[in-house]
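Dear colleague,

I am handing over the structure below for your consideration. My findings follow it, set out by topic.

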Amino acid sequence: MANLPGEAETEAAANCKALGRILDRIGDKWTVLVVEVLTHGPLRFNAMQRAVPGISHRMLTLTLRGLERDGLVQRTAFPTIPPRVEYALTEAGHSLKAPLQALVSWARSRQEGIETAQLLFDQRRRG
């Protein structure tokens with residue numbers, strides 16, 4: 001049975017929103033940095049916070065929670081005193097490594113040109 005025109009538009013809009021949420025997650029600067037740090041193996045929260053310059057406790061908590069919710073990070077709590085919690089990339093999280101490295105590589109290779117374009121744009125806007 002064919003979709004009615006309105007149904008197709010609604011489905012396309014829903015798919016676009018879902019894709020946008022995924023891209024918001026994986027394109028976030030903190031996600032990129034946290035995934036990079038976790039590619040070297042599981043880490044505890046404080047070790048991760050030290051490894052990601054500038055990230056606040058709250059932002060790291062929110063980033064890890066979102067990555068865990070999306071199935072990209074696994075949180076493992078060990079029954080020790082004091083409690084020990086480690087975070088590690090899942091298989092899906094590891095599969096994100098190559099695309100993120102390509103994005104970072106592209107950003108680094110274009111950084112100077114982008115900064116120059118921004119400067120020129122800002123100068124034109126100031127008149």
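Please note that this is a predicted model. I begin with its largest pocket, which holds about 150 Å³ of space. The residues lining the largest pocket are V32, L33, V35, E36, T39, K97, L100, Q101, V104 and R108. Two helices, α2 (29–38) and α6 (97–126), each provide at least two residues of that lining. The largest share belongs to α6, with five residues. Sorted by class, the lining of the largest pocket comprises five nonpolar, two polar and three charged residues.

Turning to the chain as a whole, its secondary structure amounts to six helices and three strands. Along the sequence these elements are arranged in the pattern α-α-β-α-α-β-β-α-α. The chain is more spread out than a compact globule, because its radius of gyration is 20 Å, well over the 14 Å that the globule rule gives for 127 residues. The C-alpha trace spans about 60 × 55 × 25 Å along its principal axes.

Some further totals describe packing and surface. Of the 127 residues in the chain, 21% are buried. When contacts between residues at least 6 apart in sequence are considered, 45% of them join residues at least 24 apart. The exposed area of the chain is about 9,400 Å², of which carbon and sulfur atoms supply 57%.

Two threonines may be of interest to you when you inspect the model. T31 is located in helix α2. Is T31 buried or exposed? T31 has a relative accessible area of 0%, and it counts as buried because the cut-off for that class is under 20%. Apart from neighbours within four places in sequence, T31 is in contact with R25, I26, T63 and L67. A C-alpha separation of 8.2 Å is also found between T31 and L64, which are 33 residues apart along the chain.

The second threonine, T39, sits in the loop between α2 and β1 (43–44). T39 is one of the residues lining the largest pocket. With a relative accessibility of 14%, T39 is also classed as buried, since this value too falls under the 20% limit. Setting aside neighbours within four places in sequence, the contacts of T39 are L89, H94 and K97. Of these contacts, K97 is likewise among the residues that line the largest pocket.

One point of backbone geometry remains. Most peptide bonds are trans. The peptide bond from I81 to P82, however, is cis, with omega near -5°. P82 belongs to the loop between β2 (73–78) and β3 (84–89).

To recapitulate the principal findings: the largest pocket draws five lining residues from α6, the chain is more spread out than a compact globule, and a cis peptide bond joins I81 to P82.

With kind regards

Terms used. Residues are numbered from 1 along each chain as its sequence is written. This is a predicted model: local features need pLDDT of at least 70, side-chain atom pairs count only at pLDDT 80 or more; totals for chains, interfaces and linings use all residues. Side-chain values use heavy atoms; hydrogens and water are left out. On a 1 Å grid over the protein atoms alone, a cavity is a set of points where a 1.4 Å probe fits but cannot get out, and a pocket is an open set with protein on both sides within 12 Å along at least five of seven lines; lining residues have an atom within 4 Å of a point. Grid points are joined across faces, edges and corners, and a volume is the space filled by probe spheres set on the points. Helices (H or I, at least four residues) and strands (E, at least two) are DSSP runs, numbered from the N terminus. Ala, Val, Leu, Ile, Met, Phe, Trp, Tyr, Cys and Pro count as nonpolar, Asp, Glu, Lys and Arg as charged, and the others, Gly among them, as polar. The radius of gyration is taken over C-alpha atoms; the globule rule is 2.2 Å times the number of residues to the power 0.38. Buried means under 20% relative accessible area, exposed over 50%, partly exposed in between (1.4 Å probe, protein chains only). Contact means heavy atoms within 4.5 Å. Accessible areas come from the Shrake-Rupley method with a 1.4 Å probe; for residues, only the protein chains shown count as cover.
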